[in-house]
Amino acid sequence: MRSRALAAFFVVLPALIALTDAMSFRAHNRSNGAIVSSGEKREYELYVPRSYDPSKPVPLVLSLHGAGGWPVLQMELSGWNRLAEREGFIVVYPSGIETFGPRIWHAGSGEREARDVRYISDLIDKLEREYRIDGDRIYINGLSNGGGMSFVLSCTMSDRIAAVGIVSSAQMLAWSWCTDRRAVPMIAFHGTGDPMAPYDGGESWLAPLPFLSMPKFVASWARRNGCAPDAIESKFAADVTRREYTRCTDDASVVFYTLHGGGHVWPGGGPLPEWFVGRDSRTIDATKEMWRFFRAHPRGGVTLPAERGSHGRHSDSVGLAGRPAPAPGFLPASG
């Protein structure tokens with residue numbers, strides 16, 4: 001009898017451990033906010049700095065996860081919270097919707113795609129009601145599929161977005177898709193060894209359609225912004241080259257960092273398994289460089305002062321201000 005009981009225990013134990021791990025993962029990665037948009041519940045993770053001042057407007061940064069990712073993963077990969085705490089801006093991590101597979105952003109045309117654009121617009125509306133957001137300092141950035149979505153938003157919400165940042169971006173839409181020609185400043189980071197979204201374009205196991213060449217994509221964005229064709233190239237680090245397009249319409253410059261040998265990563269951010277995503281890069285911090293670029297490109301054309309950024313008013317939401325980032329755990333790859 002005792003032996004049968006022990007045997008049953010060792011059969012059930014792995015299932016109990018798996019269930020405990022799943023519950024722990026779910027608790028760690030639960031978002032702290034939600035709204036209803038287009039009749040669907042949409043989640044997000046919000047971070048408000050402890051120094052938040054209700055008397056002054058505050059910049060807003062939206063950071064979009066990659067395909068298969070989720071808000072807390074994007075928070076941990078990018079490290080935006082630490083910078084938001086130091087500089088005094090609000091950062092929010094929206095969530096793609098789960099259907100019959102992983103969370104993704106629908107970057108393209110159609111009803112599903114329009115719902116994702118509406119969700120981002122509704123989320124900004126909600127945060128503007130609850131916080132004193134500076135309407136000239138709303139910035140969008142994203143990883144991989146989130147970078148593709150950031151491009152879509154630059155074409156559909158250019159009246160609200162001051163500047164865009166894309167990292168290891170999955171770009172499949174032809175430039176002819178974008179009919180909005182307003183000059184939107186953009187900063188990009190991409191590795192030449194990216195196995196998922198190839199630097200020079202082409203097919204990948206990640207998607208059924210071929211990706212665009214990133215150098216050509218960036219050059220097209222520069223043409224959209226009316227920049228001079230002769231980009232300025234410089235060496236940022238031993239393995240990083242910087243290309244900047246200047247003399248653009250409304251000073252909407254375009255900057256492109258090439259990570260030589262770099263993989264499908266967020267440079268300087270949380271690590272991902274190199275056997276899957278390729279080589280990590282620690283010689284540049286994409287988040288810090290992105291924020292420096294954002295600060296210099298508000299929608300109204302007046303840059304933030306050199307000192308710490310301003311803050312906004314108190315929200316009716318409880319328990320969000322100064323929420324610390326969870327301790328990093330295993331971070332699965334995000335496409």
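Colleague: Which residues does serine 154 touch, not counting residues up to four places away in sequence?

Modeller: In this predicted model, serine 154 touches Ile161, Val164, Asp180, Val184, Trp221 and Arg224, once residues up to four places away in sequence are left out.

Colleague: Where does serine 154 lie, and is it buried or exposed?

Modeller: Serine 154 lies in helix 5, which covers residues 145-156, and it counts as buried because its relative accessible area is 0%, where the cut-off is under 20%.

Colleague: What does the side chain of serine 154 reach?

Modeller: The side chain of serine 154 reaches the backbone oxygen of phenylalanine 151, at 2.7 Å.

Colleague: You listed Val164 among the contacts; what is valine 164 in contact with, leaving aside its neighbours within four places in sequence?

Modeller: Valine 164 has its place in strand 6, residues 163-167, and with those neighbours set aside it is in contact with Ile140, Ser150, Ser154, Val184, Pro185, Met186, Ile187, Trp221, Phe293 and Phe294. Valine 164 is buried, with a relative accessible area of 0%, and its C-alpha atom is separated by 5.5 Å from that of asparagine 141, although the two residues are 23 residues apart along the chain.

Colleague: Back to helix 5, then: at what angle do the axes of helix 4 and helix 5 cross?

Modeller: The axes of helix 4 (residues 111-130) and helix 5 cross at roughly 75° and come within 11 Å, so these two helices are roughly perpendicular to each other, given that 65 to 115 degrees is the range for that description. On the helix 4 side the contact is made by Asp116, Val117 and Ile120, and on the helix 5 side by Met149, Val152, Leu153 and Thr156. Sorted by class, the contact of helix 4 with helix 5 has five nonpolar, one polar and one charged residues.

Colleague: And helix 3 with helix 8, how do they pack?

Modeller: Helix 3 (residues 80-87) and helix 8 (residues 286-295) pack at an angle of about 45°, with axes 10 Å apart, and they are therefore oblique to each other. The crossing of helix 3 past helix 8 is right-handed. Helix 3 contributes Trp80, Leu83, Arg86 and Glu87 to the contact, while helix 8 contributes Thr287, Lys288, Met290, Trp291, Phe294 and Arg295.

Colleague: Which classes of residue does that contact of helix 3 with helix 8 have?

Modeller: By class, the contact of helix 3 with helix 8 has five nonpolar, one polar and four charged residues.

Colleague: How many residues of helix 2 are buried?

Modeller: Helix 2, residues 71-78, is mostly covered, with eight of its eight residues buried, and these include Gln74, Glu76 and Ser78. Glycine 79 follows helix 2 and has a positive phi, near 70°.

Colleague: Switching to the loops, where does proline 198 lie?

Modeller: Proline 198 lies in the loop between strand 7 (186-191) and strand 8 (202-204), and it counts as buried because its relative accessible area of 16% is under the 20% cut-off. Leaving aside neighbours within four places in sequence, proline 198 is in contact with His190, Glu203, Ser204, Phe211 and Leu212.

Colleague: Last one, for the whole protein chain: how many helices and strands?

Modeller: The secondary structure of the protein chain comes to eight helices and 12 strands, and 56% of its 335 residues count as buried. Among contacts in the protein chain with a separation of 6 or more, 70% are between residues 24 or more positions apart.

Key:
Residues numbered from 1 in each chain as written. Predicted model: local features only at pLDDT ≥ 70, side-chain atom pairs only at ≥ 80, totals over all residues. Heavy atoms only, no water. Helix = DSSP H or I, 4+ residues; strand = E, 2+ residues; numbered from the N terminus. Buried < 20%, exposed > 50% of the residue type's maximum accessible area, 1.4 Å probe, protein only. Polar contact = N/O pair within 3.5 Å; in protein donor to acceptor, adjacent residues only side chain to side chain. Contact = heavy atoms within 4.5 Å. Axes fitted to C-alpha atoms, helices over the stretch in contact; angles between N-to-C directions. Parallel < 35°, antiparallel > 145°, perpendicular 65-115°, else oblique. Left-handed = near helix turned anticlockwise from the far one by under 90°. Nonpolar A, V, L, I, M, F, W, Y, C, P; charged D, E, K, R; others polar.
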